[in-house]
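The following exercises ask the reader to work from the sequence and the structure side by side. Each task is followed by a solution in steps.

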Amino acid sequence: MSIRVLIVDDSSFMSRQLSRILSAFSDLEVVGMARDASEAQDMLKTLKPDVMTLDVQMPGMNGLDFLERQMSRRPIPVIMVSSFTKEGSKTALQALELGAVDFIDKPRLSFGRSLENYGAELANKIRGAKSARLSVRPHVKAPLPSAKAAVKPVVKSEPIADWLPQSYASSNPGGKVIFLGASTGGTEAIKKVLLGMPANCPPILIVQHMPENFSAVFAENLNKVCQPKVCEAKGEEVVEAGNVYITRGNHHMQVRKAGDKLVIELNQTPPVNGHRPSVDVLFESAAAIMGKQAVGVILTGMGKDGARGMLTMRKAGAHTLGQNEASSVVYGMPREAFVIGAVAEVADISQMSERILSLFGKK
């Protein structure tokens, strides 16, 4: 049975272009094209689509307000169609906080031959969204905190000597390092994990599938609300405790030893599993360099990226954790890792940070 898609965009040209792109896929059917929130609301009732693509800038009620309203009433899987500018990146991330499953750039004529690749990416996102787990969200916009001190984290910060290995007090991470991978639904899942981490947490290296312009904004947003320092990795950083490194979009992340220090490397070698950055690349590097001193975590996401790398980590002696099905937006990557025996422990996202910290002697 075809996946029924509703396109919502105030540009009739853009709607027709998206419709033409999706018509190339036999399992997708565009059932309607709405120009604004009012038309979309009527079509949602009469056409009952499985997935909706949604523009941000529309006359009357904008895309974010419409998304928030819809997710508080009758949730539907939504793919945001946004431009990959810095401002567009902030808007897309806000949409994910409001309940959108995923986002994608607007197609452009300048794409040329890559328009086919764009169509394949959009089609895959729609397929993933169809199986997404959604919940009704309250119709209230919570303002972003202006400073870290305004947020009460799940786990309170404590002196390093109280429970972490003393080696974490310097730039030499002599103990374990956390390696985390996620995709669809991962931005909110990662946020939940990091909100449970104290300021002096072990180093955390993260691959989240997202475009290049989004990773810096994602890191900035997390840094405003989390106790550890969160930054976009630039390459050649010495890994330190109390720091979270988000892989730069369109770059693979790996680690290497430089004397007694651990250093981040970024590269643009070919995509792995169709992704750059790839979770497998990070995890396999962790297995080779850190062995049993690594902790692997795989969260919600479509596909199988990270499964093979996590198995390599587990065989190298690392402890590995996977998000459970009930709390995953898309139970793809964690499931694939579990099926091949890569996951040693399954945890709900609400308990993930606690389970991770327990591996470091936290009582």
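The exercises below treat the sheets, the salt bridges, the backbone and the surface in turn.

The model is predicted: local features need pLDDT of at least 70, side-chain atom pairs count only at pLDDT 80 or more, and totals for chains, interfaces and linings use all residues. Residues are numbered from 1 along each chain as its sequence is written, and side-chain values use heavy atoms, with hydrogens and water left out.

**Exercise 1. The five-stranded sheet**

Task: State in which order the five strands of the open sheet are arranged, and which strands stand at its edges.

Solution.
Step 1. Helices (H or I, at least four residues) and strands (E, at least two) are DSSP runs, numbered from the N terminus. Two strands pair if DSSP finds at least two bridges between them.
Step 2. The order is E2-E1-E3-E4-E5, with parallel pairing.
Step 3. E2 and strand E5 (102-104) are the edge strands, and each pairs on one side only.
Step 4. On average, neighbouring strands of this sheet are turned by 25° against each other, direction ignored. For such angles, axes are lines fitted to C-alpha atoms, for helices over the stretch in contact, and angles run from 0 to 180 degrees between N-to-C directions.
Step 5. Strand E1 (residues 3-8) and strand E3 (residues 51-55) run parallel and are joined by four bridges. Val-8 has Leu-54 in E3 as its bridge partner.
Step 6. Helix H1 packs on the sheet and touches E1, E2 and E3, its direction making about 170° with that of E2. Contact here means heavy atoms within 4.5 Å.

**Exercise 2. The seven-stranded sheet**

Task: Determine the order of the seven strands in the other open sheet, and explain why one side of each edge strand is without a neighbour.

Solution.
Step 1. The order reads E8-E9-E7-E6-E12-E13-E14, and the pairing is parallel.
Step 2. Strand E8 (229-232) and strand E14 (345-347) stand at the edges; each has a single partner strand, so one side of each lacks a neighbour in the sheet.
Step 3. Neighbouring strands are turned by 20° against each other on average, direction ignored.
Step 4. Three bridges pair strand E13 (residues 319-323) with E14 in the parallel sense; Leu-321 has Glu-345 in E14 as its bridge partner.
Step 5. Helix H7 (residues 186-195) packs on the sheet, touching strand E6 (177-182), strand E7 (204-208), E8, strand E9 (243-246) and E13, and its direction makes about 165° with that of E7.
Step 6. Helix H10 (residues 307-315) lies across E6, strand E12 (294-298) and E13, and runs at about 150° to E12.

**Exercise 3. Salt bridges**

Task: Find how many salt bridges the structure holds, and describe the one between Arg-127 and Asp-27 and the one between Glu-121 and Lys-125.

Solution.
Step 1. A salt bridge is a side-chain nitrogen of Lys or Arg within 4 Å of a carboxyl oxygen of Asp or Glu. The structure holds 15 of them.
Step 2. In the bridge of Arg-127 with Asp-27, the closest N and O atoms are 2.6 Å apart. The pair links distant parts of the chain, 100 residues apart: Arg-127 lies in helix H5 (residues 115-130), and Asp-27 in the loop between helix H1 (12-22) and strand E2 (28-34).
Step 3. In the bridge of Glu-121 with Lys-125, the closest N and O atoms are 4.0 Å apart. These two residues are separated by about one helical turn, because they are four residues apart in helix H5.
Step 4. Buried means under 20% relative accessible area, exposed over 50%, and partly exposed in between (1.4 Å probe, protein chains only). Glu-121 is partly exposed at 41%, whereas Lys-125 is buried at 15%.

**Exercise 4. Backbone and surface**

Task: Locate the cis peptide bond, and state where Asn-250 and Val-339 lie.

Solution.
Step 1. Most residues other than glycine have a negative phi, and most peptide bonds are trans.
Step 2. The cis bond joins Arg-276 and Pro-277, with omega about 15°. Pro-277 is in the loop between strand E11 (261-267) and helix H9 (279-290).
Step 3. Asn-250, although not a glycine, has a positive phi of about 70°; Asn-250 lies in the loop between E9 and strand E10 (252-258).
Step 4. Val-339 belongs to helix H11 (residues 333-339) and is exposed, with a relative accessible area of 62%.
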